[in-house]
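Please open the model in a viewer and keep the sequence panel visible. The tour below proceeds by selection, stop by stop.

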Amino acid sequence: MQSKKDHIFTYSHTIKACFIGYIVQAIVNNFVPLLFLIFQKTYQIPLSQITLLITFNFVIQLTVDTLSAGFVDKIGYRVSIVLAHVMSALGLILLAILPELLPDAFGGLLLAVMVYAVGGGLLEVLVSPIVEACPTDNKETAMSMLHSFYCWGHVGVVLVSTLFFTAFGTGHWKILALLWASVPALNCILFLKVPIYTLLEEGDSGLSMKALFADKMFWVAMLLMVCAGASEQAVSQWASTFAESSLKVSKAVGDLAGPMFFAVLMGASRFFYGKYGERIDLNKFMKASCVLCIFSYLLISLSPVPALSLLGCGVCGLSVGILWPGSFSIASRVIPRGGTVLFALLALGGDIGCSGGPTFAGMVSSAAGGDLHKGILAAVVFPVLMLLGAGKVKSSFHD
């Protein structure tokens, strides 16, 4: 019976389950922001309070990134990844139940976000090392393809939700939340059956956190992850505002022309490397992408033509596509015994960048009298640092 089961499910099924896992993370991160105005109107919650949901989601995921290094190896990858999907599904289900059940609707939303944020944080830590551990011929292309599914998930969440609201109205958002919850629920069943491999050989505990901190290449890898997250989100988070303010279009059109344009081209970049990466040197591709990213930042911030600034947002999405998955692949190559601790800390660094990049751009913009162009121009420091960091790992990466 065991051998028959092994023949039914192989590492290719594991990789596909991980692809869906990143779609689940895209649902967790991008569905609730589409409901902000609905929450405001339905529960009379101030918009300033509603935006705390994003901050709370981010803080919980950062906390999980930090703590997971200590418990994932102890309880095992399978238990952890199943728990991630259970928490993601449960959080989305509670989203539809708790605001009505509890006397304080905002408190109900906050509890639901807390539950699915735990799932999202675990997914971020676990999915990449599970794919990295699979016996694939080219791990870099598999990693790039994996991360493209977060982009497709983001696009899918916006498009499917928009179509649902158009067809059935925003009053039925709870049904949509339950439908989205079915994705992690079903993928959870798949993760109970597929084979899961480990990064290290049996008996090898990998490097401790102290040993990682003493390794200079670890800090270079962390710099890459922080700058990858910052380079991506400094533009992504402001893309809708750019589209609306520059082209004077509605929010719906602005969302499609801004962040959706960005996400599609970012996904296309990851898919391209995932498909043809065996013939491309990752380090050279990373450095070329950094140069293109710097160009896109300059185009966005310095172009006097609004349409060119918008084009720059798309070019930025194309350029940053490889930066996050490529940083994971480089780190696992130059620190082969990093194990789960390495991936957890890299996820933490990436999340710090995702928060710090747009915050830095926003602070500079505010100091410049609300001029977002100046904020984006200042944030060009992130792809510049990324380019310098990629140069530091060249010799180690090719050893």
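The stops that follow lead from the whole chain to a helix pair, the nonpolar cores and several single residues.

**The whole chain**

Begin with the entire chain, bearing in mind that this is a predicted model. The protein chain holds 20 helices and 0 strands. Of its 399 residues, 54% count as buried. Among contacts in the chain with a separation of 6 or more, 82% are made by residues 24 or more positions apart.

**Helices H7 and H8**

Select residues 105–133, which form helix H7, and residues 139–168, which form helix H8. Two packed helices are described by the angle between their axes and the distance between the axes. Here the angle is about 150° and the axes lie 9 Å apart. The crossing of H7 past H8 is right-handed. To view the contact itself, display Val127, Ser128, Val131, Glu132 and Ala133 from H7, together with their counterparts Lys139, Ala142, Met143, Leu146 and His147 from H8. Sorted by class, this contact of H7 with H8 comprises 6 nonpolar, 2 polar and 2 charged residues.

**Serine 128**

Remain on helix H7 and centre the view on serine 128. Is serine 128 buried or exposed? Its relative accessible area is 0%, and because buried means under 20%, serine 128 belongs to the buried class. The side chain of serine 128 makes a polar contact of 3.2 Å with the side chain of histidine 147. Beyond its neighbours within four places in sequence, serine 128 is in contact with Tyr22, Met143, Leu146, His147, Phe328 and Phe343.

**The nonpolar cores**

Next, select Ile81, Phe191 and Tyr297. Within the largest nonpolar core, which has 88 residues, these three touch the most other members. Which helix gives the most to this core? Helix H11, residues 216–236, does so with 12 residues. For a view from one member, show isoleucine 81 with Leu123, Leu126, Val127, Ile130, Phe191 and Ile196; these are its contacts once neighbours within four places in sequence are left aside. Another core, of 33 residues, lies apart from the largest one and includes Ala105, Val115, Tyr116 and Val157.

**Histidine 85**

Move to helix H6, residues 77–101, and select histidine 85. Histidine 85 counts as buried, at 0% relative accessibility. Residues up to four places away in sequence not being counted, histidine 85 touches Gly21, Val24, Leu123, Pro184, Asn187, Cys188 and Phe191. A distance drawn between the C-alpha atoms of histidine 85 and valine 24 should read 7.9 Å, although the two are 61 residues apart in sequence.

**Isoleucine 352**

Select isoleucine 352 in helix H17, residues 339–367. How accessible is isoleucine 352? Its relative accessibility is 42%, so isoleucine 352 counts as partly exposed. Add cysteine 227 to the view: its C-alpha lies 9.2 Å from that of isoleucine 352, across 125 residues of sequence.

**Glutamine 44**

Finish at the loop between helix H3 (36–43) and helix H4 (47–50), where glutamine 44 is found. Most residues other than glycine have a negative phi. Glutamine 44 is not a glycine, yet its phi is positive, at about 55°. With a relative accessible area of 62%, glutamine 44 is exposed.

Definitions and conventions: Residues are numbered from 1 along each chain as its sequence is written. This is a predicted model: local features need pLDDT of at least 70, side-chain atom pairs count only at pLDDT 80 or more; totals for chains, interfaces and linings use all residues. Side-chain values use heavy atoms; hydrogens and water are left out. Helices (H or I, at least four residues) and strands (E, at least two) are DSSP runs, numbered from the N terminus. Buried means under 20% relative accessible area, exposed over 50%, partly exposed in between (1.4 Å probe, protein chains only). Axes are lines fitted to C-alpha atoms, for helices over the stretch in contact, and angles run from 0 to 180 degrees between N-to-C directions. A crossing is left-handed if the near helix is turned anticlockwise from the far one by less than a right angle, and right-handed if clockwise. Contact means heavy atoms within 4.5 Å. Ala, Val, Leu, Ile, Met, Phe, Trp, Tyr, Cys and Pro count as nonpolar, Asp, Glu, Lys and Arg as charged, and the others, Gly among them, as polar. A nonpolar core is a set of buried Ala, Val, Leu, Ile, Met, Phe, Trp, Tyr and Cys residues joined through side-chain atoms within 4.5 Å. A polar contact is a pair of N or O atoms within 3.5 Å; within protein, one must be able to donate a hydrogen and the other to accept it, and residues adjacent in sequence count only if both atoms are side-chain atoms.
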